[in-house]
Amino acid sequence: MKKRVTEKWVFLVMAVFGMCANAFAADNLSDSEKILRLTSEAMKEAVWYMPAEVAEIVKKDDKKYFIVSIQNRQEYDAGHVPGSVLVSVDFNEPEKMAKQFPQDKKIIIVSSNGQEACKVSLLLRQLGYDSGILLLGMNSYNRLYAGSGAYTGDIGGELSTSPLEPEAKESVSSYSDKSARELVIEKTAEYAAANRPFEVTAYDLVKLDDAVLISMQKAEDYAKGHIPGTINIPGADFLNGDKRLLQLPKGKKIIVTCYLGHYSSMGAMLLNQMGYEAYSLRWGASGWNIKLTEDISSMLTAGMGLGVEKQTH
């Protein structure tokens, strides 16, 4: 009897020790891993609103939604989505910026072409907001009012069908007792303080010699054609915390591309939060060679021509 009791206690002690060890392992994440895990949870559903969908929300005056514009003042005054509220974007103070948005509504962010809006939406979702963007911004809603953000075409860049495997590097990450939310706020502010541009153009890309290029295309699209020299980490994997993101070189510029510059804007933002020097390719593959996005090219070059509101002073 005594032996059985002893065995029972040994079993319980080992079970408790095992649970503690597992809990410690789950929580013993690097700062970058914490940011990746938070982002994966926040981006389970990436929200894009089509122009006609936003127009219907405006028509119905649906109070569940809060439409904001991050256009510059001049372009907002010239023409914006009716009912949208102009807000300022300052990543130097992420928490203060986020307080401009309601937490009890679905937020639709409108920019000139959707790319800057993606950065804002990613941060808001990381901080717990229900945010999405107007796909392609004013460029799709009414291209006449996209201003400096209007699509200007591709450069007819060469395409490749040869896959390139990433060179695995040993993960180098810092550890702290800060929460993922605290890290996102801190690292976003650090990135903003560096005052780097958040994107490069296709012409810039041609001139870059020693940079890591990442395509967020779907695997099947990447196989059909991609920008030469890019490795493939599909958008769904990228925003779901793909471990390869922990193995990128810290000493090189990283250029992220996708189809339209939307996913790549979020991807570059995430990598900068993780301590990399990352840039989004403006307009993504569409800025390199529109053949990679032929099925949606009409939205880039024509837009929907929907009605806008103008600001008078």
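Two aromatic rings of Phe, Tyr or Trp (taking its six-membered ring) count as a pair here if their centres lie within 6.5 Å. Keep that cut-off in mind, since a search of the whole structure turns up 3 aromatic pairs, and we will visit two of them. The model you have open is a predicted one.

**Start with the whole chain.** Switch to a cartoon view and you will find 14 helices and 10 strands in the protein chain. Colour by burial next: of the 313 residues, 48% count as buried. Then consider the contacts between residues with a separation of 6 or more: 75% of them come from residues 24 or more positions apart.

**First stop: tryptophan 48 and tyrosine 263.** Select these two side chains and show them as sticks. Their ring centres are 5.3 Å apart and their planes stand at 75°, an angle over 60, so this pair is edge-to-face. Now look at where each ring comes from. Tryptophan 48 lies in strand 1 (residues 48-49) and tyrosine 263 in helix 12 (residues 262-273), so the pair ties together parts 215 residues apart in sequence. Turn on the surface and you can check both partners: tryptophan 48 is partly exposed, with a relative accessible area of 26%, and tyrosine 263 is partly exposed too, at 25%.

**Second stop: tyrosine 151 and tryptophan 283.** Here the ring centres are 5.1 Å apart and the planes are at 80°, so this pair is edge-to-face as well. Are these two residues buried or exposed? Both tyrosine 151 and tryptophan 283 are buried, so you may want to hide the surface to see them. Follow the backbone out from each ring: tyrosine 151 sits in the loop between helix 7 (137-141) and helix 8, while tryptophan 283 sits in the loop between strand 10 (277-281) and helix 13 (284-288). The pair therefore ties together parts that are 132 residues apart in sequence.

**Third stop: a charge over a ring.** Select lysine 250 and tyrosine 276. Lysine 250 lies over the face of tyrosine 276, at 5.2 Å from the ring centre.

**Last stop: helix 2 and helix 8.** Select residues 31-42 for helix 2 and residues 180-194 for helix 8; their axes come within 9 Å and cross at roughly 100°. The two helices are therefore roughly perpendicular to each other. Which residues make the contact? From helix 2, pick Asp31, Lys34, Ile35 and Leu38; from helix 8, pick Ala180, Arg181, Leu183, Val184 and Lys187. Colour this contact by class and you will see 5 nonpolar, no polar and 4 charged residues.

Key: Residues are numbered from 1 along each chain as its sequence is written. This is a predicted model: local features need pLDDT of at least 70, side-chain atom pairs count only at pLDDT 80 or more; totals for chains, interfaces and linings use all residues. Side-chain values use heavy atoms; hydrogens and water are left out. Axes are lines fitted to C-alpha atoms, for helices over the stretch in contact, and angles run from 0 to 180 degrees between N-to-C directions. Helices (H or I, at least four residues) and strands (E, at least two) are DSSP runs, numbered from the N terminus. Angles under 35 degrees count as roughly parallel, over 145 as roughly antiparallel, 65 to 115 as roughly perpendicular and the rest as oblique. Contact means heavy atoms within 4.5 Å. Ala, Val, Leu, Ile, Met, Phe, Trp, Tyr, Cys and Pro count as nonpolar, Asp, Glu, Lys and Arg as charged, and the others, Gly among them, as polar. Rings of Phe, Tyr and Trp (its six-membered ring) pair if their centres lie within 6.5 Å; planes under 30 degrees apart count as stacked, over 60 as edge-to-face and the rest as tilted. Buried means under 20% relative accessible area, exposed over 50%, partly exposed in between (1.4 Å probe, protein chains only). A charge sits over a ring if NZ of Lys or CZ of Arg is within 6 Å of the ring centre and within 35 degrees of the ring normal.
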